[in-house]
Amino acid sequence: MTDAPLVLLVEDETMIAMMDELRDAGYGVAGPFATCSPASSWLLTNRADLAILDTRLQDGSCQELALELRDRSVPFVVYSGAIDTHLTELEGAPWVSKPAPGTALLDALKTVASRRQDAA
């Protein structure tokens with residue numbers, strides 16, 4: 001058993017380097033999920049501490065998944081090349097624009113993790 005925060009990674013262009021950076025920073029990784037459907041199914045029986053979402057996946061928008069994460073109080077970071085300010089479900093989440101150095105994504109995760117701790 002590990003105390004590493006578990007990050008749900010929902011990204012259709014995940015690189016091994018990204019997963020390695022997350023693990024090296026002390027996070028566990030669930031996924032990557034290239035579509036929303038298997039990520040939603042995973043959430044039926046599992047719990048993530050944090051999440052990284054792309055706005056557009058192979059099966060469409062991540063709006064419903066973002067709502068599910070909010071309902072479960074799972075903070076998330078949006079990691080996308082397509083910044084869509086019309087998706088109110090993503091409001092308030094840090095955005096990291098692709099391409100970005102791994103440090104930018106890790107900094108955003110630290111931000112949402114600290115918000116979660118402050119709210120607890």
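Contact here means heavy atoms within 4.5 Å, and axes are lines fitted to C-alpha atoms, for helices over the stretch in contact, with angles that run from 0 to 180 degrees between N-to-C directions. The model is a predicted one, in which local features need pLDDT of at least 70 and side-chain atom pairs count only at pLDDT 80 or more, while totals for chains, interfaces and linings use all residues. Residues are numbered from 1 along each chain as its sequence is written, and side-chain values use heavy atoms, with hydrogens and water left out.

**Exercise 1. Describe the open sheet, and state which strands α3 lies across.**

Step 1. Helices (H or I, at least four residues) and strands (E, at least two) are DSSP runs, numbered from the N terminus, and two strands pair if DSSP finds at least two bridges between them.

Step 2. Five strands make up the open sheet, with parallel pairing and the order β2-β1-β3-β6-β7. Since β2 and β7 (95–97) each have a single partner strand, they stand at the edges, so one side of each is left without a neighbour in the sheet.

Step 3. Inside this order, β3 (residues 50–53) and β6 (residues 76–80) run parallel and are joined by three bridges; leucine 53 has valine 78 in β6 as its bridge partner.

Step 4. Helix α3 lies across β1, β3 and β6, and runs at about 165 degrees to β3.

**Exercise 2. Find which residues of α2 are buried, and explain why they lie on the same side.**

Step 1. Buried means under 20% relative accessible area and exposed over 50%, with partly exposed in between (1.4 Å probe, protein chains only).

Step 2. In helix α2 (residues 36–45), the buried residues are Cys36, Ala39, Trp42 and Leu43. They are on the same side of α2 because they cover an arc of only 125 degrees around the axis, the arc being that of the directions from the helix axis to the C-beta atoms.

Step 3. An α-helix has 3.6 residues a turn, so residues three or four places apart point the same way.

Step 4. The exposed residues Leu44 and Thr45 are carried on the face turned away from the buried side of α2, whereas the cover over its buried residues includes β1 (6–10), β2 (28–33) and α3 (63–71).

**Exercise 3. Locate the cis peptide bonds that precede proline 32 and proline 99.**

Step 1. Glycine 31 and proline 32 are joined by a cis peptide bond with omega of about 15 degrees, and proline 32 is found in strand β2.

Step 2. From lysine 98 to proline 99 the peptide bond is cis, with omega near -15 degrees, and proline 99 is found in the loop between β7 and α4 (102–119).
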